[in-house]
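Hi everyone, and thanks for coming. Let me put the structure up on the screen, and then we can walk through it together.

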Amino acid sequence: MKKKILGGLLSAFLLHASAADWYAPQEPFQLYGSTYYVGTGGISAVLITSPAGHILVDVGGPQAADQVAAHIRQLGFRLEDIRYILNSHAHPDHAGAIAALQKLSGATVLAGAPAIHALESGQPDPSDPQYPGLTPMSPIAKLRAVRDGETIRLGALAVTAHATPGHTKGGMSWTWQATENGRSVNVVFADSLFGIAAEGRSFSRNPQYPRARADIERSMASIDTLPCDVLISAHPEFGGLWERKAKQATRGDAAFIDTGACHSYVAKAREVLAETLADDAALDKKRAAMP
Ligand SMILES: [Zn+2]
């Protein structure tokens, strides 16, 4: 029963949360070493800084652009020094502000190959599980597709791409090391792992994306087995970011380290998938009963 409620809450949030929650003001803060949270209250954006230039992972929806730009400046960094903007997945709430930040920075945008068309055109992908419930985005100009396992290098920074399809076909998660006082930790920016379909549509029986279930199950297994000390999920609360931030006063630098965070995140995603599959089965039954 608890499972049903948790899954229900997550799906309700993901599908119907009001923009006001997602764009709640949030002060930027250091996560670990040269890794900073620069997103809003409900959508993650992470800045990785280096003397050779910076990397930004996700920005948020269009309304997040000004906040994220202000957060980066507030921390003392220049937008012009951002060389790459990495994207988790091509949904408006994570990629809608990329075009604006790209204009301000001149950065190259990197994403999974199946996401490139939606990002370049700004038009939702008809094979997306949440199609047609997606709004268009501002088209992005300077894009490059990255392969699963590819490492993006910038000076001493090395960020590795991990294909995590299922929530979308082109989903990517990103990992790197952050160092503070001689201690290095594994940081994971985890893509959304929630298997949800547009209202009235089947997630697991989508003729446009028949591999969706197999993909998302593999993506969950891959996030579950990553070395994971500091997790930031595309929507921060699902990775427990705010609970960990609350411990900062007592635990200091180590507050964001939780080696169980990726497991908990995947466990939540598995509950959502189980609920979605039950909904899909009910939909099958309803369709079978139609004359
Ligand atoms: Zn999404």
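I'll talk about the metal site, then the aromatic rings, and then the empty space inside. Please keep in mind that this is a predicted model.

Let's start with the metal. Which residues hold the zinc ion? There are three histidines: His89 and His167 each use their NE2 atom, while His91 uses ND1, at 2.1 to 2.2 Å. If you follow the chain, these donors are spaced as H-x1-H-x75-H. Now look at where two of them sit. His89 is in the loop between β5 (82-86) and α4 (92-95), and His167 is in the loop between β9 (157-163) and β10 (172-180), so this pair ties together parts that are 78 residues apart in sequence. Are they buried or exposed? Both His89 and His167 are buried.

On to the rings. How many aromatic pairs does a search of the whole structure find? The search turns up 7. I've picked two of them to show you.

One is Tyr37 with Trp242. Their ring centres are 5.5 Å apart and the planes meet at 80°, so we call the pair edge-to-face. Tyr37 belongs to strand β2 (residues 35-37) and Trp242 to helix α8 (residues 241-245), so the pair ties together parts that are 205 residues apart in sequence. Tyr37 counts as buried because its relative accessibility is 0%. Trp242, with a relative accessible area of 23%, is partly exposed.

The other is Phe194 with Phe238. Here the centres are 5.1 Å apart with the planes at 70°, so this pair is edge-to-face. Phe194 lies in the loop between β11 (183-190) and α7 (212-224), and Phe238 in the loop between β12 (230-233) and α8, so parts that are 44 residues apart in sequence are tied together. Both of these phenylalanines, Phe194 and Phe238, are buried.

Let's go back to Tyr37 and Trp242 for a moment. Ring pairs link them with Phe29 and Phe256 into a cluster. Phe29 has a charged partner as well: the charged end of Lys245 sits over its ring, 4.7 Å from the centre.

Finally, the empty space. The whole structure contains 1 cavity of 30 Å³ or more. The largest cavity holds about 100 Å³ of space. Which residues come closest to its centre? Of the 13 that line it, those are Ala90, Asp125, Asp128, Thr168 and Lys169. By type, the lining divides into 6 nonpolar, 4 polar and 3 charged residues.

That's my tour, and I'm happy to take questions.

Conventions:
Residues are numbered from 1 along each chain as its sequence is written. This is a predicted model: local features need pLDDT of at least 70, side-chain atom pairs count only at pLDDT 80 or more; totals for chains, interfaces and linings use all residues. Side-chain values use heavy atoms; hydrogens and water are left out. Donors are N, O and S atoms within 2.8 Å of the metal (3.2 Å for Na, K and Ca); water is not among the atoms, so sites may look incomplete. Helices (H or I, at least four residues) and strands (E, at least two) are DSSP runs, numbered from the N terminus. Buried means under 20% relative accessible area, exposed over 50%, partly exposed in between (1.4 Å probe, protein chains only). Rings of Phe, Tyr and Trp (its six-membered ring) pair if their centres lie within 6.5 Å; planes under 30 degrees apart count as stacked, over 60 as edge-to-face and the rest as tilted. A charge sits over a ring if NZ of Lys or CZ of Arg is within 6 Å of the ring centre and within 35 degrees of the ring normal. On a 1 Å grid over the protein atoms alone, a cavity is a set of points where a 1.4 Å probe fits but cannot get out, and a pocket is an open set with protein on both sides within 12 Å along at least five of seven lines; lining residues have an atom within 4 Å of a point. Grid points are joined across faces, edges and corners, and a volume is the space filled by probe spheres set on the points. Ala, Val, Leu, Ile, Met, Phe, Trp, Tyr, Cys and Pro count as nonpolar, Asp, Glu, Lys and Arg as charged, and the others, Gly among them, as polar.
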